[in-house]
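Thanks, everyone. I'll keep this short and go through side-chain contacts and sheets. Please have a look at the structure first.

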Amino acid sequence: MKTIRTYWRKNLVLALALALALPFLSFCGREEAPHTTRVVTSTGFGKVGEYGQYIYSGSKVTWRYDRKTGEIRRACLDPECDGNCPLEGGYAHITQIADGKMYFCTWFYHGSMDENLDWPTVYGFQDLSTGEITVLAEVPFEDSDEGTAVFVYDGMMYYTRYTLKEGLDPSEARGESNKEFHDRWLCRVPITGGEEERLRRTEGIVTDMGRQDELYFMIADGYFLTRTSDGKILSYDRDFKESTVFLDMTALGYSFAHQQYLDGTVYLLLYDGTDPATRSTPYLASIDLATKEIRRLTDMSVYGFAVTEDAIYYEPYLGSTLYIPENNEKQSGLAPDERDWDRIINVPNARTVHACAHDGSGDRIVFTSEYDQFLQNFTVIDGVLYAWLYGEESLAEPAKFCAVDLASGTVTPAKRIDA
């Protein structure tokens, strides 16, 4: 296992630490606790994280948005960075912000895709007071499990990975996406650095959709929960030696996705039915982990949602087509890899954002867009919604990070700072 390593220019640490600390000091010189959130989210793709006056968002470049100035810039603070660090050298996903550190999982490739398959998945964190980046674990491409849930709790980072099955030739399995060549493991590594601990080899099954294994469901506040391919939620002790069936969602007639956790409750998208071909559209629901009570929170279908300490914000599911290319008919008979990149754009959500209490009461519309804009991985702080926005007028351009004042409806795109 690769030892802990850092990315930084040591002679700049003190100056940057002071610069970052200044916004958190009050007028009388006393340090104020920076804004943060207790919400834990299961998925990492494109997720936003909040700390102090900043909002962080991962993608090919991890961005840092300043709520006070409205400016957005790269989160990597190393002025000599050549774009090959874990926050810029691959596809970075923010997993959690805790104790002044931004934890990430990066599908990190070296060189071009045509040259090699050396695309490790990197797990680590950025110290938000100094900008220093620390890598805790690095998993080779053929063993990586990018896109699955990653959690930080009680001094440990939890993630999944694969290892080659005993007796197989590594050269024969290199680059194979078929995970029948590999075993999947629930793993963790200390956030202070150290060896990877392989907690449990999961017992996967092979279906028409590929290899299905046990994955982390939620690690928080003493709950060590996983989800299985047949719809069970399992509860473990801290060392993952013994498990019990916490909830059998399939037996109850449910399937589910996209969990967020706050104060003993998991919020998630729930479907009535377990067959993707016949199940209902998703709606917002909650699971009280102490009582195991499952509660439906919305009458309408839901596309995406964000839990905050004050409320739940969500986008209703609509299901509409935003754009159809002129050459669509000619493209329809071609294989996917032969078609042009000009594709049909389907928008699954409506033009509104709703809010409700944690128990689903008090549902109300808080934002209506004049365009078919839709949100991805957003948050709300002090009545302002922060998200990457797309719309009819910007189809030819990348999405823009925006601040939406929910009281006035004013949408303010961020000012990008490249320096």
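Let's start with Y91. Is Y91 buried, exposed or partly exposed? Its relative accessibility is 23%, so Y91 counts as partly exposed. Keep in mind that this is a predicted model.

Y91 has an aromatic partner, W107. The two ring centres are 5.3 Å apart, and the planes meet at 25°. Planes under 30 degrees apart count as stacked, so the Y91 and W107 pair is stacked. Where do the two residues sit? Y91 is in strand β7, residues 90-98. W107 is in strand β8, residues 101-108. The pair therefore ties together parts that are 16 residues apart in sequence.

Another stacked pair is Y236 with F240. Here the centres are 4.8 Å apart, with 25° between the planes. Both Y236 and F240 are buried. They also belong to a cluster. Ring pairs link Y236 and F240 with Y153, Y158, Y216 and F224. How many aromatic pairs are there by this rule? The count is 15.

Aromatic rings also meet charges here. R279 lies over the face of Y271, 3.8 Å from the ring centre. At Y283, the charged end of R296 sits over the ring. That distance is 3.7 Å from the ring centre.

On to salt bridges. The search of the whole structure finds 15 of them. I'll begin with D183. Which residue does D183 reach at 2.8 Å? That partner is K165, going by the closest N and O atoms. D183 lies in strand β13, residues 182-190. K165 lies in the loop between β12, residues 156-164, and α2, residues 170-173. So this salt bridge ties together parts that are 18 residues apart in sequence.

How accessible are the two ends? D183 has 12% relative accessibility, so D183 counts as buried. K165 has 28%, so K165 counts as partly exposed.

D183 has another salt bridge, with R201. Their closest N and O atoms are 3.6 Å apart. R201 sits in strand β14, residues 197-201, and D183 in strand β13. Again the pair ties together parts that are 18 residues apart in sequence, because of where those two residues lie. R201 is partly exposed, at 42% relative accessible area.

Next, R188 and E197. They form a salt bridge, with the closest N and O atoms 2.9 Å apart. Is R188 buried or exposed? At 2% relative accessibility, R188 counts as buried. E197 is partly exposed, with a relative accessible area of 32%.

There is also a network. Salt bridges link D143, R161, E196 and R198.

Now the sheets. One is an open sheet of four strands. What is the strand order? Reading across, it goes β11-β12-β13-β14, with antiparallel pairing. β11, residues 151-153, and β14 are the edge strands, and each pairs on one side only. Neighbouring strands in this sheet are turned by 35° against each other on average, direction ignored.

Inside that sheet, β12 and β13 run antiparallel, joined by nine bridges. Take M157 as a marker. M157 stands opposite V189 in β13.

Another open sheet also has four strands. The order is β17-β18-β19-β20, and the pairing is antiparallel. Which strands form the edges? They are β17, residues 215-220, and β20, residues 243-248. Each of them pairs on one side only. The average turn between neighbouring strands of this sheet is 30°, direction ignored.

Look at β18 and β19 in particular. β18 covers residues 223-227, and β19 covers residues 232-236. They pair in the antiparallel sense over three bridges. For R227, the bridge partner in β19 is I233.

Let me pull two threads together. D183 is the residue to find on your screens: D183 forms a salt bridge with K165, and R201 forms one with D183. For the rings, look at the cluster that includes Y236 and F240. That pair is stacked, and both residues are buried.

That's all from me. Thank you.

Methods:
Residues are numbered from 1 along each chain as its sequence is written. This is a predicted model: local features need pLDDT of at least 70, side-chain atom pairs count only at pLDDT 80 or more; totals for chains, interfaces and linings use all residues. Side-chain values use heavy atoms; hydrogens and water are left out. A salt bridge is a side-chain nitrogen of Lys or Arg within 4 Å of a carboxyl oxygen of Asp or Glu. Buried means under 20% relative accessible area, exposed over 50%, partly exposed in between (1.4 Å probe, protein chains only). Two strands pair if DSSP finds at least two bridges between them. Axes are lines fitted to C-alpha atoms, for helices over the stretch in contact, and angles run from 0 to 180 degrees between N-to-C directions. Rings of Phe, Tyr and Trp (its six-membered ring) pair if their centres lie within 6.5 Å; planes under 30 degrees apart count as stacked, over 60 as edge-to-face and the rest as tilted. A charge sits over a ring if NZ of Lys or CZ of Arg is within 6 Å of the ring centre and within 35 degrees of the ring normal.
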